[in-house]
Amino acid sequence: MTPRRVLAALALLAMTAMQAQANPEPWQLNMSPGVTETSRMVYDIHMLILWVCVGIGVIVFGAMAVAIVRFRKSKGVVPARWSHNTLAEVVWTIIPVLILVGMAWPATRTLIHMADTEDAELTVKVTGYQWLWRYEYVGTGVNFVSKLDRQSDRTRMLGSGLDPASVLDGDGNVYLLNVDNPLVLPTDTKVRFVFTANDVIHSWWVPALGWKQDAIPGFITDAWTRIDTPGTYRGQCAELCGKDHGFMPIVVKAVPREEFDAWLAQKDAEARGAATAATAMTAGDTLAAVQ
Amino acid sequence: MATHAAAHDAHDHKPGFVDRWFFGTNHKDIGTLYLLFSLLMFFIGGAMALVIRAELFMPGMQIVNPEFFNQMTTVHALVMIFGAVMPAFVGLGNWMIPLMIGAPDMALPRMNNWSFWILPFAFLMLLSTLFMDSGGPAGGWTLYPPLSLQGGASMPFVIFAIHMMGISSIMGAINIIATILNLRAPGMDLLKMPVFCWTWLITAFLLIGVMPVLAGAVTMLLTDKFFLTSFFNAAGGGDPVMYQHIFWFFGHPEVYIMILPAFGVVSEIIPTFSRKPLFGYQAMVYATASIAFLSFIVWAHHMFTVGMPLGGQLFFMYATMLIAVPTGVKVFSWVSTMWKGAMTFETPMLFALGFVVMFTIGGFSGLMLAIVPADFQYHDTYFVVAHFHYVLVTGAVFSIMAATYYWLPKWTGVMYSEKLGKAHFWLSTIFVNLLFFPQHFLGLAGMPRRIPDYNVAFSDFNMISSIGAFGFGLSQLIFAWVVIRCIRGKGENATAQVWEGAKGLEWTVPSPAPHHTFTTPPVIDDRVLAHGDVSH
């Protein structure tokens with residue numbers, strides 16, 4: 001990495017207002033602010049604690065560097081004998097506590113904001129399987145599985161000879177970050193998620209939304225989001241779930257409300273039509289009963 | 001009893017090889033066995049890490065299949081935690097604690113022998129599972145159910161191995177407490193003891209408190225798999241998350257078990273090479289005790305994404321953040337020890353100072369992880385991997401290397417090669433940072449943990465990290481060579497004092513330390529001690 005690249009990357013890191021990213025970028029150094037109010041709050045608190053740590057690091061490592069240069073035996077210094085300084089000890093206990101309180105306050109606020117899953121306009125049930133996701137729009141008949149796209153799947157086979165760099169989509173490279181059926185969601189709508197799993201613990205993570213939530217077999221966990229910006233947001237399973245843990249990505253396609261409503265209605269009709277056809281085939285001569 | 005032992009000493013006492021190394025109860029020999037075992041395990045666990053980093057060198061799957069990759073990540077961690085780091089600290093404790101307190105040996109020398117010899121059998125059992133048809137454990141070293149229960153024939157062997165290692169640790173801890181509380185020479189008050197003894201005393205209480213909890217957790221896994229219980233199975237009324245609570249109730253104190261002795265080592269080395277007393281001895285002791293206490297009430301910070309209620313998340317966030325305070329006190333005290341000292345930078349000091357800088361970096365990422373809303377983005381990503389490798393490798397492992405260079409002349413009677421030691425330090429430091437620093441970026445950019453392959457956006461930092469891994473691994477061969485040379489006696493003869501600024505009873509015995517030391521308690525002159533000054 002050239003020095004100019006390093007400086008550019010550092011400058012980028014220093015910028016507080018950053019371009020939201022849908023996918024990871026090469027040489028990416030920092031978290032993206034994301035596309036929801038929550039993700040921006042999370043990004044802000046991340047930057048706050050990062051700068052606090054950098055500040056403390058500069059002080060501590062700076063003191064060490066000065067000591068290493070000045071207090072060397074080779075310079076003929078005579079070592080001091082003291083091993084106490086009550087004022088220093090009190091100060092370096094109290095000040096860290098104050099810094100921690102300063103960090104805990106916005107952290108608590110953000111957490112309370114994230115905990116409120118009430119008054120959602122749409123609920124999506126997410127079920128983790130080995131090794132794919134199932135999405136169901138609660139209150140409709142729309143229910144489908146979402147798994148790793150075929151090109152990624154073929155490429156990732158051991159010794160496939162295929163090049164990950166050529167797994168592309170409009171977005172750019174989507175190797176291991178693409179699925180056959182994305183989760184379509186409306187923007188500017190509070191969406192509640194309920195999670196569970198079919199077999200082992202999985203975890204549903206889309207960095208652009210600002211959080212991840214474990215999917216636990218036999219239990220239900222929940223979360224919510226309100227996406228500001230239309231776009232395609234990619235994530236991955238984030239809890240080791242067996243051999244293909246790295247191969248069950250998540251794709252969220254956020255579209256404006258009208259587009260979403262139309263899409264959902266169409267999918268719902270297809271689902272109900274298919275259901276009717278399926279029940280008709282199995283019910284045999286009780287067709288009249290299921291009309 | 002005492003006269004019998006004295007008469008026994010007077011004999012021409014030359015046990016054969018098997019008697020000495022398999023049946024011996026001498027704390028120095030047992031310490032040596034632990035340290036050599038640990039070094040071997042370090043290379044075995046390291047080899048597994050190199051398999052992992054080789055596969056992650058480029059996107060795409062080139063070398064291993066995902067199932068084997070998961071076995072490598074799982075066994076790498078188990079070997080490094082239970083086979084390398086913990087036994088190394090036990091070895092250092094065994095060698096140095098009796099010398100530091102003026103005791104002739106550990107309180108329970110025969111139990112000490114068993115504590116060690118359990119380990120090779122336990123690890124043979126663990127490593128043999130890699131050669132089974134169904135392979136070794138592949139659900140992560142944390143063994144979360146239901147995934148770990150999908151494992152094959154390896155499960156009972158892994159669980160049995162963990163039980164054996166746990167028993168070894170518990171017996172070792174009992175021995176340390178009994179030794180420190182009962183066998184200190186007259187005049188060696190608790191608040192005059194070297195900090196290394198204090199950190200080990202506190203660590204021993206942590207071990208006794210939590211190893212039985214791990215035993216319980218893995219036994220419940222065993223019964224869920226073979227004896228029709230449903231501790232972790234919702235269909236039977238159980239809860240997979242309960243395992244996580246039980247495991248991490250062990251797991252969090254466990255990581256402090258792996259770092260407290262490191263703090264002790266660094267607190268011995270920095271004053272010696274600064275030629276200045278340790279700053280704030282009593283505060284250091286109390287800070288260590290506070291860290292140990294707090295370590296029991298923070299476990300759920302490993303589980304922030306399981307769906308815990310808000311109140312639980314807030315409690316564990318605040319408690320976890322609090323640990324930064326006593327830890328900060330320790331770091332500031334080390335720097336204050338350096339301040340206005342007269343420092344020289346031999347290899348032990350280089351590793352100790354490297355520890356302070358890089359452990360602090362690991363501490364920073366730990367503080368970031370404590371903040372729950374941010375942790376929702378960091379959890380189960382390479383950001384966590386970077387954090388714990390900074391505190392465990394540049395933290396615990398570097399302190400073990402510092403201790404080895406510091407005490408090798410006392411153990412073997414010869415000075416190690418300072419040139420080779422410095423080369424080992426600088427190469428290790430450069431490569432370990434290439435290896436782990438980029439992993440912070442990978443985690444922030446969105447790369448999850450425990451995956452064998454990744455999107456091309458993550459390529460560059462993964463390649464750098466893998467280069468760092470191979471460089472770091474190869475650099476450890478220098479360390480092995482340094483140790484072998486000293487064992488063979490190749491080097492300048494060491495004096496009893498060894499280091500100009502060193503203080504303590506251990507530096508009053510010859511180098512190499514005779515097989516039996518302090519068979520009669522020493523008469524302690526406070527001026528010989530590092531903390532003999534009662535005004536401390």
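**Exercise 1. Find the part of chain B where the prediction is least settled to read, and judge the rest of the chain.**

Solution. Begin with residues 1-10 of chain B, where pLDDT (the predictor's confidence in each residue, from 0 to 100) stays under 50. For this stretch the model has two contacts beyond four places in sequence, a contact being two residues whose C-beta atoms, placed from the backbone, lie within 7 Å. Where pLDDT is low, the predicted coordinates should not be read in detail.

Next, take the chain as a whole: chain B averages a pLDDT of 96, and 97% of the residues score at least 70. The model scores ipTM 0.94 and pTM 0.94.

A word on reading the names: residues are numbered from 1 along each chain as its sequence is written, while chains are lettered from A and ligands numbered from 1 in the order in which they are written. This is a predicted model, in which local features need pLDDT of at least 70, side-chain atom pairs count only at pLDDT 80 or more, and totals for chains, interfaces and linings use all residues.

**Exercise 2. Describe where chain A and chain B touch.**

Solution. Start by counting: the contact takes 80 residues from chain B and 82 residues from chain A. Then ask which element gives the largest share of the side of chain B that touches chain A. That is helix H12 (residues 324-338) of chain B, with eight residues. Helices (H or I, at least four residues) and strands (E, at least two) are DSSP runs, numbered from the N terminus.

Finally, sort the residues on this side of chain B: 51 are nonpolar, 21 polar and eight charged. Here Ala, Val, Leu, Ile, Met, Phe, Trp, Tyr, Cys and Pro count as nonpolar, Asp, Glu, Lys and Arg as charged, and the others, Gly among them, as polar.

**Exercise 3. Follow two bent helices of chain B.**

Solution. Look at helix H8 (residues 240-257) of chain B. Its 18 residues reach 26 Å from the first C-alpha to the last, close to the 26 Å expected at 1.5 Å a residue; the expected span is 1.5 Å times one less than the number of residues. H8(B) bends by about 30° at Trp248(B), where the bend is the angle between axes fitted to the seven residues ending there and the seven starting there.

Now check the surroundings: 13 of the 18 residues of H8(B) are buried. A residue is buried if 20 or more other C-beta atoms lie within 10 Å of its own, exposed if 12 or fewer, and partly exposed in between, with C-beta atoms placed from the backbone.

Move on to helix H15 (residues 382-412) of chain B, which bends by about 40° at Tyr406(B), with Pro409(B) following within four residues. Why is H15(B) largely enclosed by the rest of the structure? Because 30 of its 31 residues are buried. Just after H15(B), Gly413(B) takes a positive phi of about 85°.

**Exercise 4. Trace the strand pairings in chain A.**

Solution. Chain A holds six helices and twelve strands. In a regular strand the side chains alternate between the two faces of the sheet. Strand E7 (residues 191-197) of chain A shows such an alternation: Val191(A), Phe193(A), Phe195(A) and Ala197(A) point to one face and are buried, while Arg192(A), Val194(A) and Thr196(A) point to the other and are not.

Now look at the partners of E7(A), remembering that two strands pair if DSSP finds at least two bridges between them. Strand E1 (residues 122-129) of chain A runs parallel to E7(A), joined by seven bridges, and Val126(A) has Phe195(A) as its bridge partner. Strand E10 (residues 221-225) of chain A pairs with E7(A) in the antiparallel sense over five bridges; there Arg192(A) is matched with Trp224(A).

Then turn to strand E12 (residues 250-255) of chain A. Four bridges join it in parallel to strand E6 (residues 183-186) of chain A, with Val184(A) opposite Lys253(A). Five bridges join E12(A) in the antiparallel sense to strand E11 (residues 231-237) of chain A, where Gly235(A) partners Ile250(A).

**Exercise 5. Inspect a loop residue. Is Asp188(A) partly exposed or buried?**

Solution. Locate Asp188(A) in the loop between E6 and E7 of chain A. Its phi is positive, about 50°, although Asp188(A) is not a glycine. Then count neighbours: Asp188(A) is partly exposed because it has 13 C-beta neighbours inside 10 Å.
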